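This report walks through selected features of one protein chain, moving from a pocket and its lining to charged pairs, strand pairing and the chain as a whole. Please keep the sequence and the structure in view while reading.

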Amino acid sequence: MAITQMRGQWLDMWISFCLALLLVTYLGGISAQIRYSIQEELRIGTVVGHVAKDLGLDLGRLTDRNLRVVSGTKQDLFKVNPRDGVLLLNQIIDREQLCAKTAPCIANLKAIVENPLEMHQITVEILDVNDNSPTFPEENYTLEVLESAIVGSRFQMEGAHDLDVGLNSLQTYKLNNDQYFRLETEEFGEDGKVPFLILQRPLDREHAAQLWLHLTANDGGKPSKSGTINITVNVSDVNDNPPVCDKQKYTVTIKENAPAGTFLLTVNASDSDEGMNGEVEYSLRSKHRGASSEPFDLNSKTGKLTVKGGLDYEEKQVYEIKVLAADKAAVSLSTQCNVVVRVEDVNDNQPEIEITSLSSQIPEDAPPGTVVALMGVTDLDSGVNGQVVCSVPGHLPFDLKPSPDGQSYSLVTKDYLDKETMHMYSITITAKDLGSPALSSTKVIHVDVLDINDNSPFFIGSPYTFCVPENNKVGMSIFSVIATDADGGENAEVTFSLNRKSAGSTVTAFLNINQANGTISALKSFDFETLKTFQFQVVATDSGTPSLSSNVTVHVFILDQNDNAPVILYPVSSNGSAEGVEEIPRNVNAGHLVTKVRAYDADIGYNGWLLFSLQEVTAHSLFGLDRYTGQIRTLRSFTETDEAEHKLLILVKDNGNVSLSATATVVVKLVEPREAFAAADVKSATKDDEDTNVTFYLMITLGSVSTLFLISIIVLIAMQCSKSTDYTSKYLQETNYDGTLCHSIQYRSGDKRYMLVGPRMSIGSTIVPGSHANTLVLPDRRGTSTENVVCIF
């Protein structure tokens with residue numbers, strides 16, 4: 001059991017050595033490899049070597065660099081002084097307990113320092129001292145020898161065992177001077193030298209019934225140590241044939257998971273004697289004193305060898321069993337049959353994962369290949385059962401880099417991390433051996449992703465388009481912008497400001513923005529007739545270091561309110577009142593155009609869409625008024641009974657929610673045809689003058705409105721040129737000769753097309769939500785996906 005424990009400890013040390021060597025080889029962190037040697041049984045605190053000095057480390061920085069040694073075994077045999085870097089014994093080392101018969105006895109250590117991380121290999125050889133004497137299984141041994149034994153008969157003895165190795169182990173046997181026996185030794189497998197007593201002259205029981213021999217085993221140490229067994233030779237007279245094994249050596253292979261009771265083989269020995277002298281019984285012999293501790297059972301009568309239980313390939317691979325075959329004679333004769341049981345490995349050990357280093361927090365800007373963790377994997381099985389392959393889920397941005405022998409791995413990033421996508425990773429590392437069936441184990445590593453300010457604020461709408469009614473209240477909120485930041489913490493705290501340095505920044509003088517929520521308020525009341533549209537930029541800045549920002553362009557359209565009453569352009573009298581006199585011949589037919597009332601409204605859209613109606617007329621059957629054009633026509637021919645003068649009161653009103661209106665008075669005089677022609681000449685000249693004046697006023701009005709629109713569009717174009725090359729603007733002015741002036745503006749900014757629509761414009765459009773019901777989307781006839789925004793006045 002002690003040998004098994006020592007072998008297990010040696011296996012742990014060997015695995016630790018391989019893991020450390022592989023780890024540092026992969027990381028490129030080995031700067032030196034040191035070898036020390038010490039004797040076993042030295043006291044605790046004995047200096048093994050000066051690690052820091054031999055590695056060339058700065059003694060002044062040892063404490064900061066956290067110098068330490070790792071053995072990889074459950075026993076910490078060594079320790080290092082963190083102040084001076086001296087490697088000391090931490091326990092009294094028994095080489096035989098640590099390494100058993102293995103030579104040389106090596107302890108592998110890893111010296112680790114940080115800042116920067118380095119790992120160095122330290123090999124300590126444990127030197128054997130001659131602290132164990134050869135010992136026999138028993139102090140006294142009785143040998144039964146027939147007096148008929150022939151000269152040259154060989155009698156195998158139980159050999160002595162010495163736990164030391166090399167020259168300190170068992171070297172020679174010595175037999176005291178005896179005239180009947182001499183000594184020979186033979187090498188026999190794990191038992192080493194086995195002594196044989198050779199009969200060199202015939203025995204005579206009557207002359208000597210008993211012989212006393214002293215067999216001494218000596219080792220090669222200086223000074224030498226020895227062990228002695230007292231042999232009593234009983235000379236018998238009857239049973240002169242010992243049992244003979246039918247095979248010199250029995251060999252069998254069994255799997256380590258064989259259940260108790262599994263049959264191995266049958267040991268068969270024959271005895272040529274008769275009766276009780278020829279009946280053979282079997283027993284197990286242990287190489288150590290006391291009963292056998294081997295995990296086998298032997299039927300004493302049949303010689304059947306079976307498994308008792310407790311086979312473990314990782315503990316022991318080969319059992320060499322001594323089966324004693326003895327007859328039942330009064331003076332029993334015996335022989336030893338040698339049985340070799342080889343244990344075959346099965347895959348009964350799961351791989352083990354040991355995390356040796358872990359960085360649980362990784363910044364999201366860490367480059368691919370950044371080391372997250374270092375780990376070692378072990379499997380106590382052998383062959384393919386002990387070959388381990390590690391893996392991580394393929395969908396994770398991590399990868400495992402194996403060492404050449406596959407006994408250690410480094411977990412590295414295989415792509416840039418993104419905290420906004422995944423702020424924490426639970427990485428399941430799976431270690432699976434190549435046995436059949438395969439066994440596996442898992443280890444979960446949690447890695448937090450540290451936020452880096454790598455995202456600029458993002459505006460929900462870009463660009464923004466708002467329609468604001470004119471005559472708004474000063475200081476009231478008119479609209480707001482929204483921006484978010486995908487980062488976290490302070491990196492996601494957004495503040496808003498107006499870009500007062502951009503083109504067209506003069507408009508920002510009468511705007512104010514709430515830095516916290518992006519609400520924009522006006523510091524003045526807008527007048528559509530003065531300012532129809534403008535744009536400005538809002539900047540969103542996060543609180544990261546360094547801070548990131550983005551801006552958005554805000555287009556604002558002033559919506560017309562019905563705050564202007566219609567203005568009568570014709571008729572207009574010399575004193576400025578809306579009155580006029582029209583003379584027509586009495587003989588005109590029905591449908592004759594008497595005159596046309598012309599009016600203008602400074603508002604646009606429905607607020608500027610004018611309708612005409614007759615409020616007062618002397619004869620309803622004579623005259624009709626077109627409600628859209630303002631044309632006055634006769635409804636029938638005149639008769640002699642019709643009066644010569646008629647007064648018409650015309651009401652002109654717009655289509656605002658609260659309509660505004662104006663009135664004009666037209667006096668129609670009926671004259672005879674001859675007078676009408678004469679008057680027509682005079683009136684023609686007057687009419688020409690009046691038409692000229694009306695046309696002049698109309699041109700001035702239209703020119704003023706057109707100029708205002710052109711100025712607005714030119715300013716808007718200038719502000720958008722820096723953002724988009726696809727910027728067109730056209731101003732369409734159309735005089736509605738039916739009596740109403742309509743205005744229409746179309747322009748493009750970036751990927752949006754805007755239109756300001758006047759009255760009587762047929763538009764196949766729908767209202768866009770979120771724009772105060774004043775924004776329409778026009779279908780793009782070019783077949784592109786451009787968004788078209790329309791504000792209706």
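How do the residues of the lining of the second largest pocket divide into nonpolar, polar and charged? The answer is 17 nonpolar, 10 polar and nine charged residues, and it should be read with the reservation that the model is predicted.

## The second largest pocket

The second largest pocket holds about 1000 Å³ of space, and 36 residues line it. Nearest to the centre of this pocket lie Arg154, Gln156, Ser334, Thr335 and Gln336.

The elements that contribute two or more residues to the lining of the second largest pocket are E8, E9, strand E12 (193-199), strand E15 (244-245), strand E22 (318-327) and strand E23 (334-344). Of the lining, the largest share comes from E8, which supplies six residues.

## Salt bridges around Arg154

Arg154, one of the residues nearest the centre of the second largest pocket, also takes part in charged pairing, for it forms a salt bridge with Glu184 in which the closest N and O atoms are 3.1 Å apart. Because Arg154 belongs to strand E9 (residues 154-156) and Glu184 to strand E11 (residues 181-187), this pair ties together parts of the chain that are 30 residues apart in sequence. Arg154 counts as partly exposed at 39% relative accessibility, and Glu184 likewise counts as partly exposed, at 28%.

A salt bridge also joins Arg154 to Glu186, with 2.4 Å between the closest N and O atoms. This pair, too, links distant parts of the chain, since Arg154 sits in strand E9 and Glu186 in strand E11, 32 residues apart. Glu186 is partly exposed, with a relative accessible area of 38%. Taken together with Arg182, the residues Arg154, Glu184 and Glu186 are linked in a network of salt bridges.

## A salt bridge between Arg285 and Glu138

What distance separates N from O in the salt bridge between the side chains of Arg285 and Glu138? The distance is 3.9 Å, a value that satisfies the criterion because a salt bridge requires the nitrogen to lie within 4 Å of the carboxyl oxygen. Arg285 lies in strand E19 (residues 280-285), whereas Glu138 lies in the loop between strand E7 (118-127) and strand E8 (140-146), so the pair ties together parts that are 147 residues apart in sequence.

Both partners are at an intermediate level of accessibility: Arg285 is partly exposed at 27% relative accessibility, and Glu138 is partly exposed with a relative accessible area of 35%. In total, the count of salt bridges comes to 13.

## Strand E40 and its partners

Is strand E40 (residues 549-559) largely enclosed or largely open? Nine of its 11 residues are buried, so strand E40 is largely enclosed by the rest of the structure.

Strand E33 (residues 464-469) runs parallel to E40, and six bridges join the two; within this pairing, Thr465 has His555 in E40 as its bridge partner. Strand E39 (residues 533-542) instead pairs with E40 in the antiparallel sense, over nine bridges, and Thr533 stands opposite Phe557 in E40. E39 is joined to E40 by a hairpin of six residues.

## Surroundings of Ser480

Ser480 is found in strand E34 (residues 477-480), where it counts as partly exposed at 33% relative accessibility. Although Ser480 and Thr519 are 39 residues apart along the chain, their C-alpha atoms are separated by 4.1 Å.

Once neighbours within four places in sequence are left aside, Ser480 is in contact with Tyr464, Phe466, Gly518, Thr519 and Ile520. Thr519 therefore appears among these contacts, where contact means heavy atoms within 4.5 Å.

## The chain as a whole

The protein contains five helices and 55 strands. Of its 793 residues, buried residues make up 48%.

What percentage of contacts between residues at least 6 apart in sequence join residues at least 24 apart? In this protein the percentage is 66%.

Technical notes
Residues are numbered from 1 along each chain as its sequence is written. This is a predicted model: local features need pLDDT of at least 70, side-chain atom pairs count only at pLDDT 80 or more; totals for chains, interfaces and linings use all residues. Side-chain values use heavy atoms; hydrogens and water are left out. Helices (H or I, at least four residues) and strands (E, at least two) are DSSP runs, numbered from the N terminus. Buried means under 20% relative accessible area, exposed over 50%, partly exposed in between (1.4 Å probe, protein chains only). On a 1 Å grid over the protein atoms alone, a cavity is a set of points where a 1.4 Å probe fits but cannot get out, and a pocket is an open set with protein on both sides within 12 Å along at least five of seven lines; lining residues have an atom within 4 Å of a point. Grid points are joined across faces, edges and corners, and a volume is the space filled by probe spheres set on the points. Ala, Val, Leu, Ile, Met, Phe, Trp, Tyr, Cys and Pro count as nonpolar, Asp, Glu, Lys and Arg as charged, and the others, Gly among them, as polar. Two strands pair if DSSP finds at least two bridges between them.
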